[in-house]
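User: I should like a close look at the strands and the loops that connect them in this model. Please describe the pairing first and then the backbone of the loops.

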Amino acid sequence: MRHLLKRPIFQLLLLLQLACAGCRKPAAPAVPAGPEFPPMAALGPSDWPHWRGPGRDDVSRETGLLKSWPEGGPKLLWLSREVGIGYAGPAIVGGRLFTAGGENKKELLLCLDAATGKRIWSAPIGDFYKNDMGSGPRATPSVDGDRVYVMGGNGDLICAAAGDGKIAWQRSLKELGGETPRWGYSESVLIDGDRLLCTPGGASGTMAALDKQTGRTLWQSKEIDDVAHYSSVSPLDVNGERQYVQLTKTHVFGVAVKDGKLLWKVDFPGVTVIPTPIVQAPYVYVTAGQGAGCLLLKVGAGNAAEVVYQNKVMKNQHGGVILVDGYLYGHSDPNGWVCQNFLTGTQAWAERNRLGKGSATCAEGLLYCLEETKGDVVLAEASPKAWHEVSRFKLTPQSAQRSPQGLLWTHPVVSNGRLYLRDQELQFCYDVRAH
């Protein structure tokens with residue numbers, strides 16, 4: 001190299017390089033990168049990415065939680081009044097809480113700091129849904145990687161960036177032949193692989209699959225044309241393949257992942273059908289209130305659906321039913337809180353007097369129950385032996401903006417050592433970690 005530098009041509013080139021380096025502008029400071037959100041496979045063990053949690057079953061997988069609460073309830077970490085009007089539940093991923101609410105005649109997808117409750121961003125979903133039982137959005141957002149998906153009360157469907165709320169695409173279920181149900185679209189969409197599953201209902205096909213990246217329609221299940229009610233799609237892996245299960249006012253059915261072809265269908269006469277199907281291959285359990293009752297079916301070889309039992313032990317109007325260690329727990333009208341054997345349908349116990357109708361979630365073998373009228377919050381054992389209440393407190397304050405006919409209908413969520421409860425524009429966060 002030294003002998004080359006002695007040559008005039010190389011000396012000249014070196015001088016030119018040094019001169020150019022001296023006149024270069026300083027490099028611009030790096031733009032801070034936006035928040036990174038993990039892919040579904042990399043979710044934290046306590047994250048709650050969509051409706052009913054990671055397993056779509058309202059059972060938290062985390063440990064290290066309080067086994068009882070102090071007098072007056074667990075410590076309130078924060079109370080946000082920035083979530084608008086509505087019944088949407090929270091999805092919690094990467095230290096952020098995603099929900100939906102109505103403000104200024106619009107429905108919004110909202111992002112809050114899960115540690116403080118401070119609003120980070122909002123994104124428009126569509127026009128505000130109005131109803132005498134309570135207005136605003138009903139559905140829980142679904143977080144998938146760096147995107148968030150949510151449906152509004154009028155059937156408006158959006159996909160937004162989890163980092164800043166920028167809209168990637170939007171659709172309306174009316175474009176898919178849907179008609180807004182009496183109490184508003186309430187479905188929390190399922191993200192599965194490259195697909196988004198939703199239920200517009202109607203003659204164009206009850207269920208639809210969209211490309212989650214673009215919103216493009218992949219298929220509609222045209223072999224079934226039930227109107228949409230209020231349940232959400234569940235995936236079922238059986239006979240070596242995956243299928244999608246949904247419950248409507250008149251049927252429970254399964255369709256093929258690839259093209260939405262109807263695989264099986266069983267009659268289920270309901271009035272107002274809300275609870276999401278519980279799937280534990282090869283079984284599917286559904287329930288509804290107003291006298292409908294419950295049904296367990298088994299999907300066998302060739303996708304033949306056989307009814308195992310159908311009875312009135314569980315008549316869950318809303319609030320959901322939870323499967324824990326072979327037993328189902330939920331509120332059944334008019335018998336109160338009920339424990340039912342999943343495989344036989346028999347009643348293990350019923351408790352009518354200690355807690356009114358409400359919703360629940362489960363963590364570490366304990367039920368976190370929210371009573372819909374008074375706002376009592378109860379910690380109880382998930383045991384087939386008997387109802388056993390451990391702790392109780394009252395949700396305070398409560399919303400003055402709730403419709404006179406609306407109640408506390410947003411389900412509790414336990415995620416990352418915190419209990420999240422909502423009453424319209426009030427979002428509560430409690431510390432339930434065992435310190």
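Analyst: The account below takes up strand pairing and then turns to the loops. The model is a predicted one.

One part of the strand pairing is an open sheet of four strands, in the order S11-S12-S13-S14, with antiparallel pairing. Its edges are formed by strand S11, residues 190-192, and strand S14, residues 217-220. Each of these two has a single partner strand, so one side of S11 and one side of S14 remain without a neighbour in the sheet. On average, neighbouring strands of this sheet are turned by 25° against each other, direction ignored. The edge strand S14 is joined by three bridges to strand S13, residues 208-211, and the two run antiparallel. Within this pair, Leu 210 stands opposite Thr 217 of S14.

A second antiparallel pairing involves strand S25, residues 336-341, and strand S26, residues 347-351, which are joined by four bridges. Cys 339 has Trp 349 in S26 as its bridge partner. S25 and S26 form a hairpin, with five residues between the two strands. In the turn, Gly 345 has a positive phi of about 80°.

The loops may now be considered, beginning with phi. Most residues other than glycine have a negative phi. Two residues depart from this pattern. Asn 303 is not a glycine, yet has a positive phi of about 60°. This asparagine, Asn 303, lies in the loop between strand S21, residues 293-299, and strand S22, residues 305-311. Its relative accessibility is 16%; because the limit for a buried residue is under 20%, Asn 303 counts as buried. Glu 364 likewise is not a glycine and has a positive phi, of about 50°. It is found in the loop between strand S27, residues 358-363, and strand S28, residues 366-371. At 28% relative accessibility, Glu 364 counts as partly exposed.

The remaining points concern peptide bonds, most of which are trans. The bond from Ala 281 to Pro 282, however, is cis, with omega near 5°. Pro 282 lies in the loop between strand S19, residues 278-280, and strand S20, residues 283-288. A cis peptide bond also leads from Thr 396 to Pro 397, with omega near -5°. The loop that holds Pro 397 is the one between strand S30, residues 389-394, and strand S31, residues 413-415.

How values were computed:
Residues are numbered from 1 along each chain as its sequence is written. This is a predicted model: local features need pLDDT of at least 70, side-chain atom pairs count only at pLDDT 80 or more; totals for chains, interfaces and linings use all residues. Side-chain values use heavy atoms; hydrogens and water are left out. Two strands pair if DSSP finds at least two bridges between them. Axes are lines fitted to C-alpha atoms, for helices over the stretch in contact, and angles run from 0 to 180 degrees between N-to-C directions. Buried means under 20% relative accessible area, exposed over 50%, partly exposed in between (1.4 Å probe, protein chains only).
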